[in-house]
Amino acid sequence: MRAFDYTRAESLDQAAAALDPAASVIAGGTNLLDLMKLQVMTPERVVDITRLPGLDAIEPEGEGLRLGALVRNSDLAADPRIRARYPLLSRALLSGASGQIRNKATTGGNLLQRTRCPYFYDPAMACSKREPGAGCAAQGGVGRMLAIFGTSDACLAAHPSDMAVALRALDAEVEVRSRDGGLRRLALDELYRLPGDRPDLETTLAADDLITAVILPAPVAGSVQAYRKLRDRASYAFALVSVAAVIRMDQGRIGQAALAFGGVAPRPWRDAGLEAMLHGKTPDEALFREVAQRLTADPAPNPDTEFKRPLLRRTLVAVLREATGLAQPSIGTDATKDAA
Amino acid sequence: MTQTFRMDKPQPRLLDETRQGVIGTSMDRPDGPLKVSGQATYTADALPEGCVHGMLVRATVTRGHLRDIDRDSIADIPGLLAVVRDPRFLRNPAQGMAGEAPDQPGDRIDYHGQPVALVVAETFEAARDGALRLKLRFDSVAAEVDPDHATEVEPQDPTESGDWNAAWSGAAHQVDVVYTTPCHASAAMEPHAAVAEWQGDRLILRGALQMLRFNRKELADAVGIPPEQVQILAPYVGGGFGSKLGIGTEAVAAALAARELGRPVRVVMARQTVFDAVLRRTETRQHLQLAADAEGKLLALGHDDRVSNLPGEEFAEPVSSASQFLYGARATRFRQDMVRVHRVGAGSVRAPGEAVGVIAIEAAMDELADALGMCPVELRLRNLPDQHPVTGQPFSARALADCLREGAKSFGWSDRQAPGARQEGDWLIGMGMASAARPNMLVKSAARVRLSAEGAVVETDMTDIGTGTYAVLTQVAAEMLGLPPGQVTVKLGDTDLPGASGSGGSFGASSSGSAVFLAAKKIRDRLAAKLGCAPEDLSLQDGLARGANLEAPINDLLAGEVLVEEAEIKGGKTAESHFSAGFGAHFCEVAVHRWTGEVRVRRMHGTFAMGRVLNEKTARSQAVGGMIWGVGSALHEDMSHDPRTGHVVTRDLANYHIASHADIPRDMQAVFLEERDDFANPLQSKGVGELGISGAGGAVLNAIHNACGVRIRDIPATPDRVIAALEAAGR
Ligand SMILES: Cc1cc2nc3c(=O)[nH]c(=O)nc-3n(C[C@H](O)[C@H](O)[C@H](O)COP(=O)(O)OP(=O)(O)OC[C@H]3O[C@@H](n4cnc5c(N)ncnc54)[C@H](O)[C@@H]3O)c2cc1C
C-alpha cells in the first residue's frame, strides 16, 4: 500500500471538494482497500464518506424506495420491504461475497466495485484498465471470469456485481450529486460505459461526483422475481453467469418480462429484443430455448469463455421455466408480495 | 545416550491394558482455548525487540537472469532499510525431509514468481510498498510452461508384472480412459512466515514449518552454518498441507537479511506470494486401463501418468501409489513420465499421489463396474489381493472389505438406482462410492518425558499444524502414566527438544506418539521397580500405582524425585516384512442440476480402518477434513497457470476455490472401525488425515455419473464441464 492522506468528510460539500482524479471515495472499503494493498489503485487521498449523515436510510420514494448510498448490503437484503416487493434484489445481494463482507459493503460501493479480471489484479500484467493503452494480458491468458458481451480488443473484463444485475432488471436509477450540489438520475446503462478503447473509463461519473442513492421504482405488481447465480462453488464466488428476471403473467401469457444478465459483460446486460420475444406468449420450453439461443448467438470473444454461452442459455431456460410456472419454483424464485 | 528402538516385531497392546481411560477419547485440545481466543502465538505474532519487516519480490520473467536491481526506484519510501539480495536465496522451498538446502540459483530465474529479493523496512506497509514498486531488470529466454506441449520428458522406471498383452487382449471387458487433474495449492490458512534473529553466531528462527528436525539442517545448509547454531521455534502452525514441509524462501531470506542488517527480521508472504512461490501439486494426466473377465475378476490393471516439475526438482507425485496395492490383476503396469516445465515447483500437497491417483483409479473402477453391469462394491470385493500385488508383502492389517460392507450398509447403498433414474424437480440424484487407501509410515522420532509431583511434561520438537498433536501426545502420556490429562503439559516446536518426525505424510501422531509412549514406558518401569512389582503387573490410574497387591500414590513413589526418560523410535523389520496402510470406503450422494450442471453433495459417509484411534475427535476432524478436500478436488480446486508465462493466475483464495461451507452437507460422517495394526508401531495406530482424502473425490465423480449418466474425466467437475457432457449426450 502506498502512503495516502485521509479525509473524513463531514458534509457532502466537503466530500466533493476533497475529490479529484488523485482521490478515491472510501465507503465499506472492501474492494478499495484490497486494490490499494496490491497497488492496483493508488489514490493519494482517501475521502471517507461513511460518517455523512442521511445516506444510510431506506425510505419511500413515490411508489418505490430510495436506498441511501451507505446502506449496508446486509441491511438492504434483510429489509422487509425489499424482501416482500423486490425479493430479487435481496436474493442477488445474499448471493454475493460473505456475511462479513456484506456487513461492511455499501450500496454505492457495490455499484462501483471494480472487475475481478486476474490480469487487472496483477500489476505485472498489461492492463488498459489500469494504464490506458498498455494492452490486455487477458487476451490469450486464462479467462474463465471474463465477459462475452460488450467487450473490446482493449478489455475483456466483466462487471462482478450481483446487486447491479438485480437493479438493472428492476429499472433502478442511480442518484448522483455533482460538486455544485446538483442531483441527476442515471439508469444503469447511463452510469456504466462499455470499454471501447478506454477501459479505464468505467462510468460516466466525474471525479468529484458522488453516488447518493439508488431509486427503485414501484415493483411490477403481481410479478415473480428470480435471481439465479452460477458459480464455481455453492457460495462465496463471483458469478460465472447470472440471470435476473421479473415476470408478470397475464391470464396464462407472459404479460411483462425484464431480464438482466451478470458475469457476462462490462455492465449488467439487458437485451430488450429478448423481452419482446416473450411478451404475450404462453410459456413454452421451445420458446425459451429460442430466446436463449438468440441471446448467445455470437461466439465468445475468448475461447476460455465459450462455455458461458451454453451455461447462460441453460440457466436462462431454467429461470424462465420456474418464473412462468412451467416448473416448480426453487430457492431464488419468489412471488412478490405487497408490503403490508 | 538413548538407544533407538527399532520396530522389528509386533509390540504388546499395552494401551489396551492401561487404566487411565483417556486414550482414544474425544478429549478437547488443550490448546483450543488459546487458539479460539487469539492467544496462541503463531510465527508472525511474536516480534522480538527491534524487529523490522521484509517483503519478498518476485521475478516477472519466466526464465532468464536477474540483471540488476534499481534501488533508486524506491529510495523515497520512508523507513526503507535495504533491498537484500543474496546468492544463497532459495529458488523454491525444500522438498519434504530433504535435510539439505534446495537449489540456490543465484541470478538465474526458473519461473515467473520466483522470489529474487527482499525489501526490508521499519514497517510492514513500507516493505510491501517497496516490494511492489521495486524495479528489476531481467534477461529473458524462451521457456516451456505447458506440460501438454513441453518437450523435456523424462520417463521414470516402470513397475510391471505379468504378460500385459495376453491379459489385456482377450478380456471380456475393457476400460481404457484418460483422466486429468489440475494443479492444486495447499491453501493453508496461515501464510508462510518467518522471524529471524541472530544472537552472535546463533540463528533463532520462528517459522511456519512442519518438520523442524529436517528444517534445521536445511536452513543451516542454506545459510552456510552448522546445524547446531540453528534453533527453530514453531509452537503453533496454522495449517501446512505439505506446503511447510521444507524450509521456505521466506525463512532463508529472513535469516540472511537479519544477519546483514543486524536486526531481527520478520517476513510474511503475501497471499499472492504463497501461490506464486510455494510448491504446488502437479497437474496430472492419467491413463487407466482395466480389463476384467466376465465375472469381474481383474485381468489387467494399468495406471500410467504424467506429472511435471521444475528442472532439477526430484519430487515426482506418486500418482499410482495406491493403485499398486488396492487391487490385484494378472498383469499390472505403472509408468510415469516427468515433464520439465518452468512453473513454480511441484511438491507434496496433502496426500501426494492418493489425492489425485485414487480419484482416477476409483472412477475407472466405476466405469468397469458399469461395463460389467456389476455393483461397484462387489467389483472391489472380488478383487482384493491376498498380499501386496507388487512387493508380495502380507498386509499388516487391512479391513477394506469390512469398510466396504459396513459403509454400504450404514449409507443405504442398496437404494442406489440406475443412472438418471432418480429425480427431484430439476435435480438428478445419484450415489457413488470409492475405496480409500494410504500407505502408513513410521518416521524416526524422539521425545522426553519428565514425571514429578507437579505432573508430567512431554518435550519434543514435533509440530502441531492444527491436527491435534498437543491433544494426542497429552493423551498418550496421561494414559501411560496414569494421570488426568490436566496434569500433563506438552511442549512442542523447538529444535532444542528431542527431534521428532514432524508433521507430514499423516505419520506425525503415530511416530511422535510412539516416542512419547516409549519414554513414558521407561518411567513406568521405574515406578514398577519403586513399587516393587514386575512392569507387566503395574497399573497406573489417577495418580495411583497398583501391582502385585501393592498400592501407592505415584507421588509417594517419587518422593520428591523427578524421573526423566527419553526415547527414540524408528522403523525396523516390520516395515519390510509387512505392508502397512490405512483403508476405507467412501459413499456419497449428489444432486446434479439438469439444466445448469451444478453439483451438490447431499451426504457423504467415510468408513475407515486405520489402526487404533488415539483421539476420536481430532481423528474425526482429520478424516472429515480429508473428505472435504476430496469434495473440493472433485468439484472446485483448480490452480490455473498462464499459458504464456506459466505464472499462477489464481493467486488468492477468492480465485482459487476450496470448498465453502455451503458445499459441504450436514450429513458428513466418518466412521472408524476397530483395528490394531501390530506391525505399524507400539501404539498400533496409523495415519488418518490423508486417508480421508484418498478416494473421496472419486466417490463424488461416480455419484455424478449415477445421477445423470455422464462421466466427467477432467476434474474439477465444474458446471460448464457437466453441461458440456450433458449436451454431448444429447441432454
Ligand atoms: C472475497 C470477496 C468476495 C466477493 N464476492 C462478491 C460477489 O460474489 N458478488 C458481488 O456482487 N460482490 C462481491 N464482492 C464485492 C463486494 O460486493 C464489494 O467489495 C462491495 O460491495 C464494495 O462496497 P464497499 O462499500 O466496501 O466499497 P468500497 O471498497 O468502499 O468502494 C468501492 C469503489 O466505489 C467507490 N465508491 C464507494 N462509494 C461511493 C459513492 N457513494 N460515490 C462514489 N463512489 C463511491 C470507491 O471510491 C471505490 O472505487 C466480494 C468481495 C470480496 C472481497
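**Note on a predicted two-chain model with bound ligand**

1. S396(B) sits in the loop that runs between α8 (376-382) and α9 (400-411) of chain B. The model under discussion is a predicted one, and this loop position serves as the starting point of the note. With a relative accessible area of 13%, S396(B) is classed as buried, because the class takes in residues under 20%. The side chain of S396(B) is joined to that of D677(B) by a polar contact of 2.7 Å. When neighbours within four places in sequence are set aside, the contacts of S396(B) are H578(B), F579(B), S580(B), A581(B), D677(B) and F679(B). D677(B) thus appears both as a polar partner of S396(B) and in its list of contacts.

2. A second buried position in chain B is E459(B), with a relative accessible area of 8%. E459(B) belongs to strand β22 (residues 455-459) of chain B. Which residues does E459(B) touch, not counting those up to four places away in sequence? They are A447(B), R448(B), R450(B), K491(B), L497(B) and P498(B). Of these contacts, R450(B) deserves separate mention: the side chains of E459(B) and R450(B) meet in a salt bridge, at 3.4 Å from N to O. The pair is also found as a side-chain polar contact of 3.4 Å. The two partners fall into separate accessibility classes, since E459(B) is buried at 8%, whereas R450(B) is partly exposed at 31%.

3. Salt bridges elsewhere in the model merit a brief survey. Over all chains, a search of the whole structure finds 85 salt bridges. In chain A, the side chains of D200(A) and R198(A) form one, with N and O 2.7 Å apart; R198(A) is partly exposed, its relative accessibility being 35%. In chain B, R422(B) and E424(B) form another, and their closest N and O atoms are 3.8 Å apart. This distance still qualifies because the criterion is a nitrogen to oxygen separation within 4 Å. R422(B) is partly exposed at a relative accessible area of 22%, and E424(B) is likewise partly exposed at 39%.

4. The interface of chain A and chain B may be considered next. Chain A contributes 37 residues to the contact and chain B contributes 39 residues. The area buried between the two chains is about 3300 Å², and carbon and sulfur atoms account for 54% of that area. The size of an interface is often expressed as the accessible area lost when the parts come together.

5. Polar and charged pairs also cross this interface. How many salt bridges does the rule find between chain A and chain B? It finds seven. A salt bridge joins the side chains of R228(A) and E598(B), with N and O 3.0 Å apart. Across the interface of chain A and chain B there are also 15 residue pairs in polar contact, both members at pLDDT 80 or more.

6. On the side of chain A that touches chain B, at least two residues come from each of α8 (118-121), β9 (224-230), α12 (285-295) and α13 (308-323) of chain A. The largest share, nine residues, is supplied by α13(A). By class, this side of chain A has 16 nonpolar, six polar and 15 charged residues.

7. A network of salt bridges links residues of both chains: E285(A), R289(A) and R321(A) are connected in it with D426(B) and R594(B).

8. The ligand is surrounded by 33 residues, and the closest are V25(A), G29(A), T30(A), T106(A) and D162(A). Where polar atoms are concerned, a polar backbone atom of G28(A) is 2.8 Å from an oxygen atom of the ligand. An N or O atom in the side chain of K229(A) is 2.9 Å from an oxygen atom of the ligand. A nitrogen atom of the ligand, in turn, lies 3.4 Å from a polar side-chain atom of Q113(A).

9. The last point concerns helix α5 (residues 87-94) of chain A. Why is this helix described as largely enclosed by the rest of the structure? Six of its eight residues are buried, and therefore the description applies. The buried residues in α5(A) are P87(A), L88(A), L89(A), S90(A), A92(A) and L93(A).

Key: Residues numbered from 1 in each chain as written. Chains lettered and ligands numbered in written order. Predicted model: local features only at pLDDT ≥ 70, side-chain atom pairs only at ≥ 80, totals over all residues. Heavy atoms only, no water. Contact = heavy atoms within 4.5 Å. Buried area = accessible area lost by both parts, 1.4 Å probe. Polar contact = N/O pair within 3.5 Å; in protein donor to acceptor, adjacent residues only side chain to side chain. Helix = DSSP H or I, 4+ residues; strand = E, 2+ residues; numbered from the N terminus. Nonpolar A, V, L, I, M, F, W, Y, C, P; charged D, E, K, R; others polar. Buried < 20%, exposed > 50% of the residue type's maximum accessible area, 1.4 Å probe, protein only. Near = heavy atom within 4 Å.
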